[in-house]
Structure formats: C-alpha cells, structure tokens
Amino acid sequence: PPVAVTPLPEAGFAAAPEEGLAFSYERAIEGLEEQLRVGRDRLDPKTVQALEGSLDTIDRAIARAQEALDADPASVYLNRHLADARTRKLRVLQQAARLASS
C-alpha cells in the first residue's frame, strides 16, 4: 500500500508494505498543517481566514462522507467522494504550505 513521502507541494505517494494509505494520508496532512502553522505569520490574515474556511468546509465534507461510508462501505460513489475530498484537502494544504514558506 502507498504511503506519503516528504509532504512538499509536489509530493505523492510511494509504496511501503508496512503502512497503509489512511496512515500515509494522515501523516501527509499533519506535516503540511505543521508547515502552515510555522509559516502562518508570513500570510495575510485574510488569506489565513480564507484558508481556514476552505479547510473547515472540506473537513465537514470528509466527515459526512466517512459517516455515510460507515453505513454503506461497499458504495463506490462514497469511496470516490471521500477520496476526492481528501485530495482537495491535501491540495489546499500543499498550496497553503507553499505560500507560508515563501
């Protein structure tokens, strides 16, 4: 199963048999959130507010998709929807971390 490599804006997933995709996603998110936290003071407060609003919206979508998937784990649609929402969060955090580090 794939795992995240260094959480840079262009980072992807690489294979490592001892870790699963869910773990790698969480690890990538944590790393990007840390980069954003460290560089947050370099961003305009309105930018930070917009990023936080976007991330809150995405987090709610992820939570709703996960709840629905818990009730219907075989749903292809819900699995794709959850994956898409996680990808959106990852991309937003990658962009934010890039902004915060520049």
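These exercises walk through the helices, salt bridges and selected contacts of the structure above.

The model is predicted, so local features need pLDDT of at least 70 and side-chain atom pairs count only at pLDDT 80 or more, while totals for chains, interfaces and linings use all residues. Residues are numbered from 1 along each chain as its sequence is written, and side-chain values use heavy atoms, with hydrogens and water left out.

**Exercise 1. The overall layout**

Work out which helices and strands the protein has, and in what order they come.

Solution.
- Step 1: Start with the inventory, which is three helices and two strands. Helices (H or I, at least four residues) and strands (E, at least two) are DSSP runs, numbered from the N terminus.
- Step 2: Put them in sequence order to get β-β-α-α-α.
- Step 3: Now look at burial, where buried means under 20% relative accessible area, exposed means over 50%, and partly exposed lies in between (1.4 Å probe, protein chains only). Buried residues account for 31% of the 102 residues.

**Exercise 2. A salt bridge between two helices**

Find the salt-bridge partner of Glu33 and say which parts of the chain the pair ties together.

Solution.
- Step 1: Apply the rule that a salt bridge is a side-chain nitrogen of Lys or Arg within 4 Å of a carboxyl oxygen of Asp or Glu. By this rule the protein has four salt bridges.
- Step 2: Glu33 pairs with Lys89, and their closest N and O atoms are 3.8 Å apart.
- Step 3: Glu33 sits in helix α1 (residues 21–39) and Lys89 in helix α3 (residues 76–101), so the bridge ties together parts that are 56 residues apart in sequence.
- Step 4: Check the surroundings of each partner. Glu33 is partly exposed at 36%, whereas Lys89 is buried, with 9% relative accessibility.

**Exercise 3. Two further pairs**

Describe the bridges that involve Arg37 and Arg40, and place each pair along the chain.

Solution.
- Step 1: Arg37 meets Glu34 in a salt bridge with an N to O distance of 2.6 Å.
- Step 2: Both residues of this pair lie in helix α1, three residues apart, or about one turn of the helix. Arg37 is exposed at 53%, while Glu34 is partly exposed at 37%.
- Step 3: Arg40 bridges to Glu52, with the closest N and O atoms 2.1 Å apart. This pair links distant parts of the chain, 12 residues apart: Arg40 is in the loop between α1 and α2 (45–71), and Glu52 is in helix α2.
- Step 4: Arg40 is partly exposed at 38%, and Glu52 is also partly exposed, at 36%.
- Step 5: Salt bridges with shared partners join Glu33, Asp59 and Lys89 into one network.

**Exercise 4. Ala65 and Arg42**

Is Ala65 buried or exposed, and which residues does Arg42 contact beyond its neighbours within four places in sequence?

Solution.
- Step 1: Ala65 belongs to helix α2 and is buried, at 3% relative accessibility.
- Step 2: Contact means heavy atoms within 4.5 Å. Setting aside neighbours within four places in sequence, Ala65 contacts His81 and Leu82.
- Step 3: Arg42 is in the loop between α1 and α2 and is exposed at 52%. Beyond its neighbours within four places, Arg42 contacts Ala100, Ser101 and Ser102.
- Step 4: Compare sequence with space for one of these partners: Arg42 and Ala100 are 58 residues apart along the chain, and their C-alpha atoms are separated by 5.9 Å.
- Step 5: Finish at the atoms, where a polar atom of the Arg42 side chain lies 2.5 Å from the backbone oxygen of Ala100.

Definitions and conventions
A polar contact is a pair of N or O atoms within 3.5 Å; within protein, one must be able to donate a hydrogen and the other to accept it, and residues adjacent in sequence count only if both atoms are side-chain atoms.
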